[in-house]
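Please open the model in your viewer and keep the selection tool at hand, since each stop on this tour begins with something to pick out.

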Amino acid sequence: MGAGGWQWNDAWIFVSAVIAERLERDRALHAALPVTGASLADLLAAADFLHHAVPSREELQESLRRLAGAGLIVVEDDIIEVAPSGEQLWRTRPFSGLSSAVMTLQAQLNRSTRPGESDWVLDDQTYNTAVREYSLRLADGR
């Protein structure tokens, strides 16, 4: 029996965080820059790529708090990093490709751990800034 309690949005945001962090890591390494994690705008871009939707501030805050509280990701200000336990979860998931990664990950989360609760807060200004940055990237074709 699994730990349960994880929602689809939690898995969507987790997979988005993994994708965003990996893309940022690759960019930093190719530009000889320090690796610092993914920004909220990076995460929004990955979420939109996966589900053709941008999560609301409430959806994003709730999922990031649950994931951070479970020790799967680290959130500092507007930078997201996948924690070692999150990397382990990602690496040990049944491989299914990106089209079903969210559903596969939700099942994996429910089998492995319970959601946690961190005190991280995503204020309106930070969220709106990330949405604006992502929107500018779309307009620029990035």
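**Starting at helix α6**

In this predicted model, select D123 and Q125 at the start of α6, where a side-chain oxygen of D123 comes to within 3.1 Å of the backbone nitrogen of Q125. Then extend the selection to residues 124–140, the 17 residues of helix α6, which reaches 24 Å from its first C-alpha to its last, close to the 24 Å expected at 1.5 Å a residue. Just after α6 comes G141, with a positive phi near 80°.

Next, colour Y127, A130, Y134 and R137, which are buried in α6; they lie on the same side of the helix, because they cover an arc of only 85° around its axis. The buried residues of α6 pack against β1 (38–39), α2 (40–51) and α3 (57–69), whereas Q125, L136, A139 and D140, on the other side of α6, are exposed.

**From α6 to the salt bridges**

Select D124 together with R57, whose side chains meet in a salt bridge at 2.9 Å, N to O; this pair links distant parts of the chain, D124 in helix α6 and R57 in helix α3, 67 residues apart. R57 is buried, with a relative accessible area of 17%.

Move on to E87, which forms a salt bridge with R22, the closest N and O atoms being 3.0 Å apart; E87 belongs to helix α4 (residues 84–92) and R22 to helix α1 (residues 8–30), 65 residues apart. E87 is buried at 9% relative accessible area, while R22 is partly exposed at 26%.

Finally, add R91, which forms a salt bridge with E87 at 3.7 Å between the closest N and O atoms, and show E21, R22, R25, E87 and R91 together as a network of salt bridges.

Note on methods. Residues numbered from 1 in each chain as written. Predicted model: local features only at pLDDT ≥ 70, side-chain atom pairs only at ≥ 80, totals over all residues. Heavy atoms only, no water. Helix = DSSP H or I, 4+ residues; strand = E, 2+ residues; numbered from the N terminus. Expected span 1.5 Å × (residues − 1). Buried < 20%, exposed > 50% of the residue type's maximum accessible area, 1.4 Å probe, protein only. Arc of directions from axis to C-beta. Contact = heavy atoms within 4.5 Å. Polar contact = N/O pair within 3.5 Å; in protein donor to acceptor, adjacent residues only side chain to side chain. Salt bridge = Lys/Arg side-chain N within 4 Å of Asp/Glu carboxyl O.
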